[in-house]
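Please consider how charged side chains and cysteines are arranged in the protein shown below. The paragraphs that follow take these two topics in turn.

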Amino acid sequence: LGVVGSNVRRAGELRHVELQQRVATLEDALRQVGCGQRRVQHLAGADAARRAPQPIPLRDCVEEAIHLLQLNKYTRPVQFLNYCSDDQVALADHQRLLQVFVNLLTNARDASADNTRIEIACERTRNRLHIAVTDEGSGISEQHMEKIFEPFFTTKEPGKGTGLGLALVYGILEELGGDIDIESPVNERGSGTRIHLWLPASELS
């Protein structure tokens, strides 16, 4: 009877632990849904005030995004190389453009192996700035490329992403009068991804 009682208690404890795990999983899912709803509202412009475009130095904006990502010391160690020059100035909203770079650099970091490089470069073509964000990750398959800008589509593991990052970026760039395209693979090994952005250039650029 003692053995039976011990087994019953152990089974009860296991069920309690399993229940706690399920509750934690559910809470995490609810947080993801809440985050997703807020981002969708933001994407639709429901909670975003429309601001007049201002001259935004690209190098400074990219550096700010890199700094925000590096605040988390537990993320994958990668090297960010910002090749934007001081005289490259976009006509945009600072906070929204910062969101674009944070999302793109986060995706690039998550797709990269440890100690690889992520490069951000820019050139001016007439009245537009062409920005390229290039990583050395595994790249994006052709079948995923077709869905990459769809809301809630993600190639990350469950709980690791909401699938709204690129959809948000696409929406912001559309508002700013810009554009986006994705190239993958980008090297002779058949890997890597390059995100191309086009933004209106300021007269100060």
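In this predicted model, the structure holds 7 salt bridges. Side chains of opposite charge can pair when their charged atoms come close. Three of the bridges, described here one after another, show where such partners lie and to what degree they are exposed.

One of the salt bridges joins the side chains of arginine 117 and glutamate 119, with a distance of 2.5 Å from N to O. Arginine 117 has a relative accessible area of 35% and is therefore partly exposed, since that class lies between 20% and 50%. Glutamate 119 is likewise classed as partly exposed, at 25% relative accessibility.

Another salt bridge is formed by arginine 194 and glutamate 183, whose closest N and O atoms are 3.5 Å apart. This pair links distant parts of the chain: arginine 194 belongs to strand β7 (residues 193-200), glutamate 183 belongs to strand β6 (residues 179-183), and the two are 11 residues apart. Are these partners buried, partly exposed or exposed? Arginine 194 is partly exposed, because its relative accessible area is 23%. Glutamate 183 is partly exposed as well, with a value of 31%.

A further salt bridge brings together the side chains of glutamate 188 and arginine 189, at 4.0 Å from N to O. A salt bridge is counted when the nitrogen and the carboxyl oxygen lie within 4 Å, so the pair of glutamate 188 and arginine 189 can be included at its distance of 4.0 Å. Glutamate 188 counts as exposed, because its relative accessibility is 73%. Arginine 189 also counts as exposed, at 57% relative accessibility. Both values fall in the exposed class because that class begins over 50%.

The second topic is the cysteines. How many disulfides does the structure hold? The number is 0. Cysteine 61 is in no disulfide, and the nearest cysteine sulfur, which belongs to cysteine 84, is 9.4 Å away. A disulfide requires two cysteine sulfur atoms within 2.5 Å, so the distance of 9.4 Å between cysteine 61 and cysteine 84 does not meet this requirement. Cysteine 61 is buried, with a relative accessible area of 1%.

Why does cysteine 122 form no bond with cysteine 84? The closest cysteine sulfur to that of cysteine 122 is in cysteine 84, and the two are 5.1 Å apart, which is too far for a bond. Cysteine 122 counts as buried because its relative accessibility is 13%, and buried means under 20%.

Key. Residues numbered from 1 in each chain as written. Predicted model: local features only at pLDDT ≥ 70, side-chain atom pairs only at ≥ 80, totals over all residues. Heavy atoms only, no water. Buried < 20%, exposed > 50% of the residue type's maximum accessible area, 1.4 Å probe, protein only. Helix = DSSP H or I, 4+ residues; strand = E, 2+ residues; numbered from the N terminus.
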